[in-house]
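Thanks for making the time this morning. I would like to walk you through one model, starting with how far we can trust it and then turning to how its chains meet.

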Amino acid sequence: MTTLWIAIVGVALASASIKAAGPVLVGGRELPPRALSVIALLAPALLAALVITETFGEDQHLVLDERAAGVAVAAAALALRAPMLVAVALAAVTTALLRAFV
Amino acid sequence: MTNSGDCSRASHATYEEGALSRPSEMDGTEREARTRESDGYRAGAWAGLPFAVATLVLGISFGVLARSLGWGIVAPIVFSVIAFSGSAQFAVAAVLGAGGGVAAAIVAAVLLNARFGPMGVAIAPYLKGGRFRRALEGQAVVDASWALASRGGGRFDREFMIGATIPQGVAWIVGTAVGALGGDLIGNPEQLGLDVIFPAFFLVLLAEELRDARTVTVALVAAALALALVPLAPAGVPVIAACVAALIGLRRS
């Protein structure tokens with residue numbers, strides 16, 4: 001039980017420090033233009049990577065399962081200009097149906 | 001809005017309009033600024049609501065998992081309150097559940113949360129107050145809120161981000177409690193396909209970021225890096241490594 005509590009406090013401290021680092025080190029300073037142009041591209045890079053890992057990743061393996069079908073349906077819905085919540089709901093329904101019936 | 005010149009011009013324009021609040025550059029009376037601020041929080045909270053639903057489900061799964069590992073009720077709830085970090089908490093459960101040690105669990109969590117480092121740098125100029133307050137406000141950085149608050153050209157909306165995080169934080173803690181208390185009654189939320197909500201939402205947010213050829217290139221490079229690294233590196237590394245794709249921003253367009 002002690003192991004668990006050490007892990008809990010350790011992870012909480014580590015996580016808080018990582019999140020605090022940027023705000024404390026940069027403070028209120030304007031970032032230089034070159035840094036800004038990299039930061040401007042951070043969102044698409046991070047989001048693309050998260051889509052990949054959350055869709056295809058499982059315990060250090062790439063898997064093609066019901067999640068991929070759901071995300072593909074969401075992508076198609078977005079391409080057809082469906083509202084965001086509709087696209088996400090279609091993804092969940094697709095994944096659930098495939099899990100239930102296939 | 002791809003080269004650096006455009007970026008700084010765009011951000012200046014926004015400060016003049018006062019859409020993004022920075023204390024030194026806010027115009028109008030204090031009261032107007034306050035109203036605008038609370039509007040920002042409210043808009044962010046609304047935008048964060050769908051993510052809160054997904055987070056609630058995820059929190060329940062975490063509570064159920066913790067219960068199955070014999071963590072009791074208090075530990076998982078305290079964990080969710082003080083760490084508020086879905087992916088890292090699942091990693092800790094996986095490592096400890098498989099008989100791993102504390103060090104391995106913390107390393108896994110740090111790798112998974114490393115992405116919050118660059119994200120914190122990006123949002124830093126828009127936070128308020130002294131070091132302590134900035135450190136505190138930085139805790140509001142979670143994937144969905146940070147991406148929702150991105151205004152292009154490296155600009156961010158502080159109130160929108162904090163507002164979006166609040167319902168997600170509440171949902172994570174409540175979900176954990178529900179899962180830890182009543183785990184057996186709930187069954188497996190994956191059956192409902194709710195685990196796909198996160199990648200689907202990230203895709204939606206990504207689609208909004210794809211403004212031009214350069215952002216598309218970055219997304220493709222990042223996706224390729226992540227795909228290549230998932231089988232090779234521990235969880236978290238593929239995402240932080242994919243940030244390297246953003247260095248394309250150093251090239252002149």
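Within chain A, confidence is lowest in helix α2, residues 33-39, where the mean pLDDT is 88, and it is highest in helix α4 of the same chain, residues 66-79, at 96. Please keep in mind that this is a predicted model, so far as those values are concerned; for chain A as a whole the mean pLDDT is 92, with 99% of its residues at 70 or more.

Let me move on to the contact between the chains. On the side of chain B, 85 residues are in contact with 68 residues of chain A. The largest share of that side of chain B, amounting to 12 residues, is supplied by helix α10 of chain B, residues 197-209. If we sort the residues on the side of chain B that touches chain A by character, 61 are nonpolar, 17 are polar and 7 are charged.

One helix pair across the chains deserves a slower look. Helix α3 of chain A, residues 42-56, and helix α11 of chain B, residues 213-229, have axes that come within 8 Å and cross at roughly 40°, and α3(A) and α11(B) are therefore oblique to each other. The crossing of α3(A) and α11(B) is right-handed. The residues that meet there include A:Ala45, A:Ala48 and A:Ile52 from α3(A), and B:Val218, B:Ala222 and B:Leu227 from α11(B). In the contact of α3(A) with α11(B), 11 residues are nonpolar and 2 are polar, while none is charged.

How values were computed: Residues numbered from 1 in each chain as written. Chains lettered and ligands numbered in written order. Predicted model: local features only at pLDDT ≥ 70, side-chain atom pairs only at ≥ 80, totals over all residues. Contact = placed C-beta atoms within 7 Å. Helix = DSSP H or I, 4+ residues; strand = E, 2+ residues; numbered from the N terminus. Nonpolar A, V, L, I, M, F, W, Y, C, P; charged D, E, K, R; others polar. pLDDT = per-residue confidence, 0-100. Axes fitted to C-alpha atoms, helices over the stretch in contact; angles between N-to-C directions. Parallel < 35°, antiparallel > 145°, perpendicular 65-115°, else oblique. Left-handed = near helix turned anticlockwise from the far one by under 90°.
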